[in-house]
Amino acid sequence: MDPMENNCAQRTAVIIPAYKPDGRLPPYVEALERAGVGKIVIVDDGSGDAFSPLFDQLPEDGVCHVIRYEPNGGKGVALKRGMAYVQEDCPEQDIVITADSDGQHTVADVLRMAESLAENSDGLLLGSRDFSQEHVPPKSRMGNRITSVVFRLLYGCWVGDTQTGLRGFARELLPTMIAVKGDRYEYEMNVLIECAALKLPMRPLPIETVYENNNEGSHFRAFRDSARIYGVIFGGFFRFIGSSLASFLLDYGLYLLFNNAFKAWAPALEHEFRFLFISVLTRILVATILARVLSGVANFLLNRQFVFGDKGSMGRSFPRYLAVWLMNMLLSAGLTSSLHLWFGWSDNIAKVPVDILLFFLSYHLQRRWVFSKKAAPER
């Protein structure tokens, strides 16, 4: 073995979550040991007494360590238990790799991932499979493609293999990974979402695409676990929709109240002026400002608490929110006025399509900038 390759392996801790594994696990662990991996942490995720003989085959020799508990907690629990052990008891390993126990991740790919992380430890390194190959099960091919597209639309990052279990990162990210929510398969999707929120790069590493027996050894439950994963993907977006809908109804109701009141009792506000290339009616501008101020305060509090879970100082997020809010308000007033004056649209109806477009712009700005997160500090 090349000295450089051996050094990378020694610096690496491999975490393997295992729930009712088959006979491939012991020889896989043995092969990792022969390859010089510094620490191998196998997490028996409540497999039960029937699988004790298999786990008993794994050596407790200073390199291999088995964590056992009951009942079954889920893949997310197992991964975080393994990471906590590495954080507390493996100070010599500064490269952390997670791998599945079902034979999908080869020892050669684990070593390549360790070497890549030794050269560049930024962000999360993802073992990326080639789903165009003929032996890939159709459900896996289509599932990953759809998830990748949806993830790109909602979180602004392209991840070619969202469901890969072969992942690697530097030791400094352990606190961040342990803090990610999720007990079962949804945990791995939450990790991707957290990395997107923290602006951590997610880099692909091409790996061998292995599906033995049509992937029958996997404990992935197609309907239930897919529902969990897509619930995670859409969860934040749906909460944003709910918050925005409540704020829009408040904003639109107040706008109608002020705009119609000004029509009846404030004829002086029927003045039209131009701002850059946009025609603005003073009545609409004032009604928009008053409605948006009141609804904006409510929307900020809802988004901060329930949508993005911002734990930081309001002194950081509120000015940013104010900038987005002000931009949206001016665009809403200007575009609504222009549609009314140029095309004769009803000034009450024109606001609806304008604010729908601004909704998507606001979501991405708030997620990526206003309520952006910072990585958890290493202990």
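Select Asp251 and display its surroundings: apart from residues up to four places away in sequence, Asp251 touches Ala291, Arg292, Ser295, Lys351 and Asp355. The model on screen is a predicted one. Asp251 belongs to helix α9, which covers residues 222-265. With a relative accessible area of 3%, Asp251 is buried.

**The pair α10 and α12**

Next, select residues 282-307, helix α10, together with residues 351-370, helix α12. The two helices pack at an angle of about 35 degrees, and their axes lie 15 Å apart. Their crossing is right-handed. To view the contact itself, show the side chains of Thr288, Arg292, Asn299 and Asn303 in α10, which meet Lys351, Asp355 and Gln366 in α12. What classes of residue make up the contact of α10 with α12? It has no nonpolar residues, four polar ones and three charged ones. Arg292, Lys351 and Asp355, which take part in this contact, are also among the residues that Asp251 touches.

**The pair α10 and α11**

Keep α10 selected and add helix α11, residues 314-343. The axes of these helices come within 10 Å and cross at roughly 145 degrees. This crossing, too, is right-handed. On the α10 side, the residues in contact include Ile284, Leu285, Ile289, Val293, Gly296 and Phe300. On the α11 side, they include Met314, Phe318, Tyr321, Trp325, Met329 and Ala333. By class, the contact of α10 with α11 comprises eleven nonpolar, eight polar and two charged residues. Thr288, Arg292 and Asn299 are among the α10 residues in this contact, and the three also appear in the contact with α12.

**The cysteines**

Now select Cys195, which counts as buried at 2% relative accessibility. Which cysteine sulfur is closest to that of Cys195? It is the sulfur of Cys157, at 9.0 Å, too far for a bond. A disulfide is a covalent bond between the sulfur atoms of two cysteines. The count of disulfides in this model comes to zero. Then move to Cys64, which is buried as well, with a relative accessible area of 1%.

**Backbone details in the loops**

Most residues other than glycine have a negative phi, and most peptide bonds are trans. Three places in the loops deserve a stop with this in mind.

- Select Glu70 and Pro71: the peptide bond from Glu70 to Pro71 is cis, with omega near 0 degrees. Pro71 is placed in the loop between β3 (64-69) and α4 (75-89).
- Select Lys20, in the loop between β1 (12-18) and α2 (25-34). Although Lys20 is not a glycine, its phi is positive, at about 50 degrees. Lys20 is partly exposed, with a relative accessible area of 36%.
- Select Lys199, in the loop between α8 (186-197) and β7 (202-206). Lys199 is not a glycine either, yet has a positive phi of about 60 degrees. At 47% relative accessibility, Lys199 counts as partly exposed.

**The whole chain**

Finally, clear the selection and show the entire protein, which contains twelve helices and nine strands. Of its 379 residues, 52% count as buried. Among contacts between residues at least 6 apart in sequence, 77% join residues at least 24 apart. With the surface switched on, the accessible area comes to about 17800 Å², and 62% of this belongs to carbon and sulfur atoms.

Methods
Residues numbered from 1 in each chain as written. Predicted model: local features only at pLDDT ≥ 70, side-chain atom pairs only at ≥ 80, totals over all residues. Heavy atoms only, no water. Helix = DSSP H or I, 4+ residues; strand = E, 2+ residues; numbered from the N terminus. Buried < 20%, exposed > 50% of the residue type's maximum accessible area, 1.4 Å probe, protein only. Contact = heavy atoms within 4.5 Å. Areas by Shrake-Rupley, 256 points an atom, 1.4 Å probe, with all protein chains shown as cover. Axes fitted to C-alpha atoms, helices over the stretch in contact; angles between N-to-C directions. Left-handed = near helix turned anticlockwise from the far one by under 90°. Nonpolar A, V, L, I, M, F, W, Y, C, P; charged D, E, K, R; others polar. Disulfide = S-S within 2.5 Å.
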